[in-house]
Amino acid sequence: MNNYVKTALAVALSACTFSMAVAQDKVISVGLNGDIRSTDPGVNRDDNTDAVMMHIVEGLVAYREDTSVAPMLASAVAVSPDGLRYTFTLRDGVHFQNGQLLTAKDVQWTWQRYLDPKTQWRCLAEFDGRGAAKIVDVAAPDANTVVFTLDQANGLFLAAMARPDCAGSGILHPDSLAADGSWRAPIGTGPFTLGKWQKGQYVELERFKDYSSRAEATADGYTGNKQAFVDKVRFEVIPDSASAKAALLSGGVDLLPDVTAMDAAQLKQVKNLQVQVSPIMTISGLLFQTRDPLLKDVRIRRAVALSLDYSQMVAALSDGLSMVNNSIIPTASPYYDSTAHQGYTYNLDEARRLLKEAGYRGEKIRMLVNKRYPQMFDMGLLSQAMTQAAGLNIEMETLEWGTQLERYQTGSYQMMSFSYSGRFDAAQSYESVIGDKDKEPRKVWDNPEALAILREAQREVDPAKRRPLFDQLHRLMLKDVPMVVIYNGTAIGAMGKRVEGYRSWPVAKPRLWGVKLADTSK
Amino acid sequence: MFRFISHRLGMAVPTLLLISVIVFALIRLIPGDPALLMLGDMADPQSLADMRSSLGLDHSVVTQYLIWIKSVLSGDLGVSISSRQPVLDLLVERFSVSATVVLVAVLLATLLAVPVGLLAAWKQNSAMDLGLVGTATLLLSVPSFWLGLLLLYVFGIQLGWLPVIGYVGFGSDPMKALTYVVLPIVTLTLVEFGAIARMARASTIEVLRLEYIAHARAKGLSEGAVLWKHALRNAFAPTWTLIGLILGNLLGGIAVLETVFTLPGIGRLMVDAIFSRDYPVLQGCLLLITCIYVLVNLLVDLLYPLFDPRVKL
Amino acid sequence: MNLKTPALPGVAAIPPRRRRRYPPLNALIGGGLLAALVLLALLGVVWTPYDPLKLDLLSRLHAPNAVHWLGTDEFGRDVFSRLIIGARTSLWISLLSVSVAVVCGTLIGMLAGYLRGWTDRILMMLNDALLAFPGILMALGIMAIVGASQYGIVLALGIAYTPSVVRVVRGSVLSLRELEFIEASRVIGNSELYTMFRHITPNCLAPLCVLATSMFGWALLSESALSFLGLGVPPPAATWGSMLSASRTYISNAPWLGIFPGIFISLTLLAINLFGDALRDRLDPRMRK
Amino acid sequence: MSVPAPLLAVENLQIRVGVDGPLAVDDFSFTMAPGEIVALVGESGSGKTMAARAAIGLLPAPMQVCGGRIIFQGQALDSSNAKAMREVRGARIGMVFQEPMVSLNPALTIGRQMSEALKLHTTLDAATIRERCIAMLQRIGIKDAEKCLASYPHQFSGGMRQRIMLASVMLLRPALLIADEPTTALDCLAQLDVIELMLELTREQGTAILFISHDLSLVARYAHKVVVMRSGKAVEQGRIEDILFAPKAEYTRQLLEALPRRGELVPVPAADSALLQVRDVCIEHPGPRSFWGRSVPKRVVHSVSLSIAPGETLALVGGSGSGKTTLGRAVVGLVNPCAGAILFQGVDILKAANRAHRLQCQMIFQDPYSSLDPRMTVGQILAEPLRHEPALTAAQKRQRVTDTLVDVGLPEQFRERFAHQLSGGQRQRVAIGRALVRRPKLVIADEPISALDMTIQKQILELFERLQRQYGFACLFISHDLSAVERIAHRVAVMNQGEVVEMGARDAIFDAPQHPYTRRLLAAASPLEKRADGSYRLRASVI
């Protein structure tokens with residue numbers, strides 16, 4: 001309507017002035033919902049830090065678009081038959097951002113730094129034996145070869161190496177450190193170099209002109225051809241989602257990598273804006289405290305599960321972008337199959353019957369929600385409204401996010417609306433919910449049988465053998481109802497029409513290489 | 001004078017100590033700690049314990065307090081838990097943003113409101129008075145954040161004249177910086193205008209009733225001279241106190257306005273620090289704000305005799 | 001510093017010898033508006049056009065039209081209905097928080113003014129410390145501790161406003177103590193405690209009323225501000241503040257969501273300000289014409 | 001001899017409150033010649049101030065001139081012509097206000113305020129203006145005139161401020177000076193000072209004075225002509241000799257009659273011992289407090305001794321700041337002396353629990369507006385002291401309140417009224433009732449009539465005397481008003497700067513004062529006396 005016309009006009013207008021101001025440089029500005037914590041990849045970090053750092057550094061391997069692992073700085077990876085030795089052959093002619101050539105020595109140096117507990121690398125536990133296998137040796141037999149030796153086989157070794165929260169185990173030039181060993185600035189091999197970081201306001205990245213890209217035709221996840229086309233990327237720190245949206249509308253930013261589904265639906269209607277959607281690995285749903293005097297009755301939990309109209313709910317929550325998923329395995333996972341696809345069927349009569357059978361007489365059930373994450377809040381609100389129809393009396397209690405986390409951690413709640421962050425392997429997803437409540441109160445599903453199956457799945461490396469184990473777990477979970485998984489999140493990028501080549505993906509982090517800005521300055 | 005200042009600063013010391021204890025206790029009463037918030041749903045007991053000990057949260061609260069107060073006394077406010085920046089740098093950076101907006105807005109509001117109040121009082125009960133007082137009361141009644149949103153909607157989104165988000169320091173690009181702070185300043189000016197104009201009017205009415213105004217008229221002074229030379233100075237004294245009060249409160253937090261306009265100010269910093277349980281930042285902020293509050297009050301009292309020489313320090 | 005303590009409104013209450021036939025304009029407008037708002041709040045008990053809590057996912061974000069006079073929100077709930085029940089919650093919360101502050105503040109202020117000496121000094125030091133503390137932040141902290149419920153807000157705002165009351169009450173008590181009728185009570189042979197309750201307390205009420213009126217406005221604002229900062233009244237209950245803060249996301253494409261609650265808050269504050277002015281004029285002889 | 005053209009002629013002046021309110025001044029006329037001193041006298045609300053202010057066009061907001069003419073130096077003053085009025089104001093008509101504390105602007109220096117009018121009305125340069133100001137300040141007896149110019153009003157006493165005010169008005173040599181109760185707020189010695197100065201200055205410059213006052217003695221002493229006003233109308237006018245010394249109009253008589261005169265005293269019963277003995281009492285006020293709570297006390301009463309016999313009235317007189325009120329408050333136990341003893345019926349009230357003493361010793365306060373709790377009815381106020389009379393039943397208490405209402409001359413229906421519904425005189429009656437309801441042996445009356453109008457003063461004094469006869473209480477009567485003291489005191493103690501300088505029986509003090517301070521006090525008062533033939537004269541000064 002009139003509003004939209006005006007808005008569009010405003011956007012066009014400000015876009016004009018914007019591009020005139022920077023006629024010589026192509027700058028894309030991207031909204032970031034918080035400042036980065038440091039420039040030290042994988043060490044002092046959070047999601048935003050990872051997102052920015054993954055533009056500067058690259059690891060030996062990286063995730064593809066479908067979350068499988070592929071070589072990045074390596075041209076090839078060979079695994080010994082016993083699974084203990086990984087031999088990486090480095091690509092030729094890869095330059096660091098200081099002009100130096102990448103050698104095996106640099107890889108060895110970087111890994112020695114990561115494996116030093118003093119570095120406080122985020123992912124140290126994955127490689128020092130506390131988690132899965134331990135790296136006993138990193139050798140550089142020649143300038144192009146690096147050999148990692150493990151103490152035992154570990155099917156997830158490469159996947160762990162590629163994790164964005166480990167900063168992809170990015171390879172750094174030793175000059176990234178000052179003479180005294182303290183952190184200076186990242187010198188990586190990525191398509192962008194670190195520009196100006198104005199704390200609390202923005203981080204600027206500049207195109208690395210001598211970037212040595214892979215030979216593939218296009219980018220593929222965090223690997224592939226990562227040639228950059230814009231001169232600068234400016235991450236604007238906008239903690240507030242409403243302001244971020246307003247900024248996008250007014251042309252203050254070109255791209256918001258993560259908007260809510262509801263916003264996306266509106267933004268889509270604005271001329272000159274486009275959205276990019278991808279399913280991601282987060283798991284959203286309602287958690288029950290199975291030790292609660294009321295909710296320990298599986299019939300009541302089941303009644304909740306049956307009284308939710310999933311398709312309507314997920315349609316509303318994701319604005320039609322996600323599908324219903326009652327399984328803890330994300331739809332984007334290779335392990336998501338027809339068994340995982342089976343879920344609860346919306347059935348109010350059955351729900352009422354179960355409640356009657358359980359002797360439920362309208363006792364109040366408190367569900368914790370928070371306003372930090374609107375989708376958790378909305379999920380709670382919709383569940384509360386829907387379960388009312390079955391006669392359930394759920395009352396929402398809004399907590400500050402930190403408080404809700406504390407309650408989650410100690411298990412002191414009846415119900416809560418919650419989201420798990422993305423885990424890239426099905427076993428990790430199950431691991432986050434299955435456990436002994438006496439030892440770890442945060443675990444929602446305390447079932448010895450399930451635990452046993454999970455342990456088996458963790459040891460197993462052959463995907464074909466793991467699949468039936470996960471199916472078994474899923475069926476058990478549907479029966480037990482320790483939680484109701486509702487859907488997996490979506491990463492929705494919203495951007496101006498002049499942004500070309502940007503894609504959202506399951507890892508849910510922005511990638512600005514391969515992105516072009518159409519010329520609108522005429 | 002010196003005695004007065006030293007007395008007042010002396011009185012502030014226990015206040016500051018008290019505040020620090022209250023803050024220290026209050027923030028630790030909030031469930032959830034920084035370690036938990038940083039680890040989120042990935043927090044397993046081992047990493048939680050590691051994180052807590054690396055943040056120094058494994059000591060008793062009393063020990064933590066003593067450690068903190070000791071380092072504060074040596075001039076070190078610590079390091080932010082969530083951003084790892086030194087708290088002092090953060091405070092200086094963020095406070096300068098809030099202070100710029102608040103000071104400019106209050107100054108503008110005063111310059112506009114005092115003459116208006118004077119005029120309304122002079123024409124008390126006239127149509128003009130009613131109009132001016134009505135406007136002031138209306139402005140006073142509009143929530144600042146709502147007004148901010150409306151202005152943002154009109155000038156930022158509908159007209160697209162001004163940027164909707166962000167902030168650029170005046171150091172780097174003054175003109176651009178101006179475009180970011182215009183709306184917050186206008187909002188704050190309008191809201192404070194109401195309060196100051198009403199106060200100026202009320203105190204001018206009081207003053208205009210006094211004999212020395214009649215005396216000034218009896219000397220044959222024109223109405224303008226009576227208002228400007230005789231009424232203004234005296235009527236400004238209570239207004240000055242109000243301005244001090246406003247400054248003391250605003251410098252302590254325009255968190256909501258900062259949220260609306262995404263200004264990286266001190267109010268927003270505090271709110272975020274509460275949400276992320278960033279203990280050192282919050283403690284530092286409140287220390288700063290209390291100091292500012294004390295200093296603003298001191299300044300107000302020190303300048304008061306300019307408007308009312310009867311007041312001795 | 002010896003700032004002259006301002007004369008106490010109401011204490012010297014000089015006679016309304018000539019009774020006004022009509023209440024002043026500000027009292028009329030303010031009182032009328034307030035009455036209308038209270039009526040609206042009461043109306044919500046018995047009738048709203050739609051169920052204010054009923055989600056209708058099919059009619060989300062409808063602009064104001066003949067069916068939904070003030071449009072619908074992001075869950076398809078009727079904005080007008082929510083405004084009506086929001087009136088009740090908002091006004092009730094403000095009223096309760098002011099009451100908490102007035103009761104606590106009066107007790108503490110009286111105690112300080114009555115005991116004087118070191119107790120007074122320590123209480124006042126604490127009070128001044130709390131006054132320096134940004135109120136909204138304190139409320140936020142308390143809310144985070146006690147949880148975001150209606151009564152959490154009441155408690156948080158009540159505590160946050162108590163220091164102001166303490167200050168006013170203590171100030172009144174101290175200046176009243178110097179007045180002749182208080183000395184007269186002492187000369188009669190009344191005990192200090194009796195004098196405190198029989199003579200000082202009732203005379204503190206006038207300035208307290210004026211303060212309470214303006215605090216009511218602050219409370220309404222703070223409730224909205226808290227929602228804005230992310231810790232307001234928990235839904236599905238509606239308050240004007242929470243509606244306003246929720247609307248922010250939709251300011252560009254559904255401005256009515258924010259405009260109407262904002263208008264209601266502004267109207268209430270206007271009413272309160274006018275009413276407060278009238279009250280002060282009535283209680284403060286200096287402000288009389 | 002030709003009659004000179006009048007300087008000011010007010011003809012049929014009418015002043016209304018608002019557009020349709022009551023008339024504040026009605027059909028009021030008078031004339032004054034150049035250099036003449038004309039007094040407007042009347043009680044509060046008689047319209048005397050309004051009439052004078054109308055002449056200079058400075059009526060307060062709702063008041064409006066709605067009829068009549070004001071002719072000044074042959075030219076009609078038109079208050080609607082603001083510019084013309086401004087040229088008259090200050091330059092040709094000067095005005096001195098009542099309250100020296102609020103009639104100089106506290107925020108501006110004396111120099112600025114003095115020079116302001118000169119700058120406005122003359123073309124003198126700054127240096128000349130400064131010179132003139134300094135000369136004038138020296139003329140009025142200010143030693144360091146330079147310093148005075150740079151000072152602020154609050155740095156001077158009330159008397160000084162009034163002199164400065166006079167100086168600044170007279171700098172312009174106006175033809176007419178309007179003096180609105182210029183000395184009422186000052187104590188009697190300062191009063192004399194200021195009046196004398198005003199007369200000197202005006203005589204030098206040939207300025208006429210329109211003198212507004214309620215003090216008939218003062219008027220009789222200094223004015224040439226007098227206009228008596230009542231409810232906005234002139235009752236009678238003429239020369240002082242014709243009006244004040246030989247009054248014809250009933251109202252003038254009434255006013256003069258209200259002047260207290262020495263009369264017969266309430267008999268004092270014989271008693272063996274004094275009811276109250278004050279022995280070498282010293283009292284200190286705490287000084288400003290420092291940070292650590294130390295304060296340097298200021299001594300306001302120095303070793304005072306006095307005694308009161310049962311049924312006797314002792315008057316304590318003195319200028320402001322003499323310590324008389326503080327001493328009175330010490331006697332009822334509101335202030336604690338730092339040395340000495342106060343014995344009531346032989347018991348030291350400082351050592352014994354003073355409850356019993358309080359029941360026997362009551363106080364009447366100066367300001368009837370603030371001494372009654374605004375939230376209590378008259379009945380409640382009067383009944384309150386009876387809380388401490390456990391012997392009385394509820395019915396007896398009620399009866400006592402009724403009796404007291406009768407005693408103080410208030411109708412029964414006043415029982416349900418609040419203080420703000422009463423006039424000043426009625427309030428003071430309630431205050432007296434409250435003090436007497438428990439039949440105390442001693443009453444401390446702290447300036448009980450100084451806030452009241454003349455005729456009301458007389459009524460209250462009469463009431464007080466009647467009650468003293470009836471109940472036989474002793475009284476410590478604190479006052480700066482010598483004529484009231486002369487009327488009712490058996491003995492008089494004169495205080496100056498915290499010390500009793502002279503004490504003695506009434507007649508001795510008034511007829512043969514010994515101490516110079518007492519003499520100065522008496523000289524400043526010099527009241528009107530009624531002669532045997534019904535006419536009045538000014539009493540000859542005793543000095």
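In chain C of this predicted model, residues 24 or more positions apart account for 70% of the contacts with a separation of 6 or more. The secondary structure of chain C consists of nine helices and zero strands, and 57% of its 289 residues are buried. The points below take up the fold of chain C, helix pairs in chains C and D, one helix of chain A, the surfaces that touch chain B, and the confidence in chain B.

**Chain C: fold and a helix pair**

- Along the sequence, the elements of chain C follow the pattern α-α-α-α-α-α-α-α-α.
- Two packed helices are described by the angle between their axes and the distance between the axes.
- In chain C, helix H2 (residues 79–115) packs with helix H8 (residues 240–247) at an angle of about 125 degrees, and their axes are 8 Å apart.
- An angle from over 115 degrees up to 145 degrees counts as oblique, and H2(C) and H8(C) are therefore oblique to each other.
- H2(C) brings C:Arg82, C:Gly86 and C:Ser90 to this contact, while H8(C) brings C:Trp240, C:Gly241 and C:Met243.
- By class, these contact residues of H2(C) and H8(C) are two nonpolar, three polar and one charged.

**Chain D: a helix pair**

- Helix H8 (residues 188–205) and helix H20 (residues 516–525) of chain D pack with their axes 9 Å apart, at an angle of about 55 degrees.
- H8(D) and H20(D) are therefore also described as oblique to each other.
- The crossing in which H8(D) passes H20(D) is left-handed.
- On H8(D), the contact is made by D:Cys188, D:Leu189, D:Gln191 and D:Leu192; on H20(D), by D:Arg520, D:Leu521, D:Ala524 and D:Ala525.
- Six of the residues in the contact of H8(D) with H20(D) are nonpolar, one is polar and one is charged.

**Chain A: helix H9**

- Helix H9 (residues 310–318) of chain A has the buried residues A:Tyr310, A:Met313, A:Val314, A:Ala316, A:Leu317 and A:Ser318.
- The partners against which the buried residues of H9(A) pack are helix H7 (261–269), helix H12 (374–388) and strand S18 (483–496) of chain A.
- A:Asp319, just after H9(A), takes a positive phi of about 55 degrees.

**Surfaces that touch chain B**

- Chain C has 35 residues in contact with 38 residues of chain B.
- On the side of chain C that touches chain B, two or more residues come from each of helix H3 (117–132), helix H4 (135–146), helix H7 (192–229) and helix H9 (256–283) of chain C.
- H9(C) gives the largest share of that side of chain C, with eight residues.
- The residues on the side of chain C that touches chain B are 24 nonpolar, eight polar and three charged.
- Chain A has 33 residues in contact with 30 residues of chain B.
- Helix H1 (2–21), helix H6 (241–250) and helix H13 (401–410) of chain A each supply at least two residues of the side that touches chain B.
- By class, the side of chain A that touches chain B has 10 nonpolar, 14 polar and nine charged residues.

**Confidence in chain B**

- The average pLDDT of chain B is 85, and 96% of the residues score at least 70.
- Among the elements of chain B, helix H5 (residues 87–122) has the highest mean pLDDT, 91, and helix H3 (residues 45–54) the lowest, 79.
- Where pLDDT is low, the predicted coordinates should not be read in detail.

Methods:
Residues numbered from 1 in each chain as written. Chains lettered and ligands numbered in written order. Predicted model: local features only at pLDDT ≥ 70, side-chain atom pairs only at ≥ 80, totals over all residues. Helix = DSSP H or I, 4+ residues; strand = E, 2+ residues; numbered from the N terminus. Buried ≥ 20, exposed ≤ 12 C-beta atoms within 10 Å, placed from the backbone. Contact = placed C-beta atoms within 7 Å. Axes fitted to C-alpha atoms, helices over the stretch in contact; angles between N-to-C directions. Parallel < 35°, antiparallel > 145°, perpendicular 65-115°, else oblique. Left-handed = near helix turned anticlockwise from the far one by under 90°. Nonpolar A, V, L, I, M, F, W, Y, C, P; charged D, E, K, R; others polar. pLDDT = per-residue confidence, 0-100.
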